[in-house]
Amino acid sequence: MSTSINIRKGTEADLPGVHALIVELAVYEKAPDEVTNTIEDMRRDGFGENPIYEFFVADSPEEGIVGIALYYTAYSTWKGKMLFLEDIVVTERLRRQGIGRLLFYAVAKAAKEENYKRMKWQVLDWNEPAINFYRSIGANLDAEWVNCNLSQEELQRF
């Protein structure tokens, strides 16, 4: 790694850098106009009265926040409390240097320490570097399940 990186729990002060990486991820995933989440939304949802997510950051003394891993608690009717890893994002110029791996390990360690029964995440079928990493750690890449979503507009029509 060309720069020193510190992996630590994210704070409210990190939100501008976190949001910038979320926008960068949307561009990478070919959906730049899909991000409607704001820093204020993230402040309320992560640091308000009922926080619903947590995150780790990869912090560089020279560059600030260069990576994030955002996760939350979900619940499995079969297994109980589980951790859902929503996203790992590393700024493009620092990818393939092991920062994503460090962030993933931090989340997995938190899941173990907090006695989660399962850890789940998704990966786009064209994201070969991520798929190869997940295979290398022995993760179960399950093609049996179909992802289903309702957008805010679809929920309103429902």
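**Exercise 1. Find which residues of helix H1 (residues 15-28) are buried in this predicted model, and work out how they are arranged around the helix.**

Solution. Begin with the list: the buried residues of H1 are Leu15, Val18, His19, Leu21, Ile22, Leu25 and Ala26. Next, look down the axis of H1, where these buried residues fall within an arc of 160 degrees, so they line one face of the helix. Then ask what covers them: the covering elements include helix H2 (39-47), S2, S3 and S4. Finally, go past the end of the helix, where H1 is followed by Lys30, a residue with a positive phi, near 65 degrees.

**Exercise 2. Check whether the length of H1 agrees or disagrees with the span expected at 1.5 Å a residue.**

Solution. The helix has 14 residues. The expected span is 1.5 Å times one less than the number of residues, and for H1 this gives 20 Å. The C-alpha atoms at the two ends of H1 are 20 Å apart, which agrees with the expectation.

**Exercise 3. Describe the surroundings of Val90.**

Solution. First place the residue: Val90 belongs to strand S4. Its relative accessible area is 8%, and because buried means under 20%, Val90 counts as buried. Leaving out residues up to four places away in sequence, Val90 touches Leu21, Glu24, Val66, Gly67, Arg95, Ile99, Gly100 and Leu103. Gly138, by contrast, lies 48 residues from Val90 along the chain, and the C-alpha atoms of these two residues are separated by 22 Å.

**Exercise 4. Identify which elements build the largest nonpolar core, and which of them supplies the largest share.**

Solution. The largest nonpolar core has 22 residues, and those with the most contacts inside it are Leu83, Leu85, Ile99 and Val107. At least two core residues come from each of strand S2 (54-60), strand S3 (64-76), strand S4 (80-90), helix H3 (99-113) and helix H4 (128-136). The largest share, seven residues, is supplied by H3. A second, separate core has 13 residues, among them Ile22, Tyr53, Ile65 and Leu70. As background, nonpolar side chains tend to be buried together in soluble globular proteins.

**Exercise 5. Work out how S4 and strand S5 (residues 118-121) are joined, and what Leu85 contacts.**

Solution. S4 and S5 pair in the parallel sense over four bridges, and Phe84 has Lys120 in S5 as its bridge partner. Together with H3, these two strands make a right-handed β-α-β unit. Leu85, apart from its neighbours within four places in sequence, is in contact with residues including Phe104, Val107, Met119, Lys120 and Trp121.

Terms used:
Residues are numbered from 1 along each chain as its sequence is written. This is a predicted model: local features need pLDDT of at least 70, side-chain atom pairs count only at pLDDT 80 or more; totals for chains, interfaces and linings use all residues. Side-chain values use heavy atoms; hydrogens and water are left out. A nonpolar core is a set of buried Ala, Val, Leu, Ile, Met, Phe, Trp, Tyr and Cys residues joined through side-chain atoms within 4.5 Å. Buried means under 20% relative accessible area, exposed over 50%, partly exposed in between (1.4 Å probe, protein chains only). Contact means heavy atoms within 4.5 Å. Two strands pair if DSSP finds at least two bridges between them. A crossover is right-handed if, with the strands pointing away from the viewer, the path from the first strand over the helix to the second runs clockwise. The arc is that of the directions from the helix axis to the C-beta atoms.
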